[in-house]
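Biologist: Could you walk me through this one? I'd like to hear what stands behind the labels you use.

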Amino acid sequence: MKKTPLLVLLFLFSAGLFAQPPFPLVTDHYHLELSFDYGNETLQGQCRMTLLNQSDSAVTQIPLMLYRLMKVNSVKTGDGKELNFKQTVVQYEDFTKLQANHILVDYEIPAHESRVIHIDYGGHLLGYTETGMGYITDRISPEFTLIRTDAYAYPMISQPNIVFLINNIRNHLFHYDIMVTVPDTLVVASGGRLVTRTPVQNNEVTYHYTSKKPSWRIDIAIAPYRQMNSPLLDLFYLTSESAAQAIIEHGTSAIEKFTEWWGELQSPEAVTIIETERGSGGQADELVILLPEESFSNITNYHNLFHELAHLWQAVTSEKEGLSPRWEEGLADFSAYLLNETLFEEKAGLLIRAANYNLRRLKRDFDRNPALAEIPMMEYGNQRITNLSYIQPMVMFAVLYYWAGEEVFHNTMGGFYQEYIMKRASTLDFVNYWKQKAPSYPLDTFFNDWIYTARFAEFIQEGKSFEDILEYYRLISP
């Protein structure tokens, strides 16, 4: 599934990410209370952030970003003392179409100590479609409300700089608890654990969720949801019950098959799937999947569901230098095709057909823009062409799967997940892991062809089929 969450689009607009050291301040715990005025289309928020200074020096100012049409009313210390702050709507330095409210709070946090701040804020939420991030249509509406990191719907530590944001946003996982008050005709959906649902005045109800484990983001969806649960999946849905039942059944089958291939997920918790509005972009974190309506209701095509579920078995990848080429998107697409033909007899041969289709897509792209054929996959992030990360790596993994064989492939991919899920992995870590686990294959040649050079493009420009490419590597095997 070609998804475009915030971090995906942000990768397209930055360079030299890891040339900068991480910002010393991180969020250690986040408490968020929200209520809504649907008539005026506004939210009112109270957040309590526990901030940790990880550096050896004191930090004297806290930089925060918030949605452009929201305003901070006050900032206080943990014991209620008012703090000085200033706020200005600014353009991002390296993405000038993106505007947000930049808040600077004067507060000293000594080295290796933590402090609590309370922020009272509120305002409108009207999306970010003008930036090119067309999936961010987030708004305040009784029909559907989505509160997430992508739209800066709650304050987060950052400067108006994409490099800064990416470098800091996933630098430290945090626990959270959220309390959201809505009319009792609506349901609050979250990937956290529901603690209480408490009726309050004016026919309203307050939902209290806590994080199941540390996370780097908070996602909250509000709508007239219905729920369906199984041992492996918790589902919030808006469309038909039959579509929801199909998602439960096929999602469960997918999790069971991925577990058979790659081992148990590190988290034992059920995965939450939340249906979102059409066009809102699919996203997957370790325990929650946002699945837009067009992917949810099409009960003849589970590719997007399988793509998002496959991401649950992928360790966080980041490069020691430069931007990630995001080959994990191609891996998720490969996995979805493989799973489709494994679970549905009528889809036998789908993976090879999809690989040949992607080879033709690459050929068209290279014919239109010959410069693309000169760019190694490793440079897709740095060259801001990560749309190809869904296509080229999908072919690469399909070749690797048929060349190495099902057993070697699944054992290696599963082992890589188990080895690196609790720590970051680079592309080099991935390549070295494969070379360690499958030493009888000429993997230096293979990964050099597909990752570190543009040698793969010669196959495409020569019009080679997937079968031709696979035969080439089989012939050079010992």
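Modeller: Sure, starting with the second largest cavity: H6 gives the most to its lining, with four residues. Helices here are DSSP runs of H or I with at least four residues, strands are E runs of at least two, and both are numbered from the N terminus. This is a predicted model, where local features need pLDDT of at least 70, side-chain atom pairs count only at pLDDT 80 or more, and totals for chains, interfaces and linings use all residues. Residues are numbered from 1 along each chain as its sequence is written, and side-chain values use heavy atoms, with hydrogens and water left out.

Biologist: Which helices each supply at least two residues of that second largest cavity's lining?

Modeller: Helix H6 (327-343) and helix H9 (406-420). Among the lining residues are Trp262, Trp313, Leu331 and Phe416, and the cavity's volume is about 110 Å³.

Biologist: Why is Val59 called buried or exposed?

Modeller: Val59 has 9% relative accessibility, so it counts as buried; buried means under 20% relative accessible area, exposed over 50%, partly exposed in between, with a 1.4 Å probe and protein chains only. Val59 sits in strand S3 (residues 59-67).

Biologist: And what makes Tyr472 buried, exposed or partly exposed?

Modeller: Its relative accessible area is 30%, so Tyr472 is partly exposed. Tyr472 belongs to helix H13 (residues 466-476).

Biologist: How far apart are Val59 and Arg424 in sequence and in space?

Modeller: They are 365 residues apart in sequence and 26 Å apart in space, C-alpha to C-alpha.

Definitions and conventions: 1 Å grid on protein atoms, 1.4 Å probe; cavity = no way out; pocket = protein on both sides within 12 Å on 5 of 7 lines; lining within 4 Å. Points joined across faces, edges and corners; volume = space filled by probe spheres on them.
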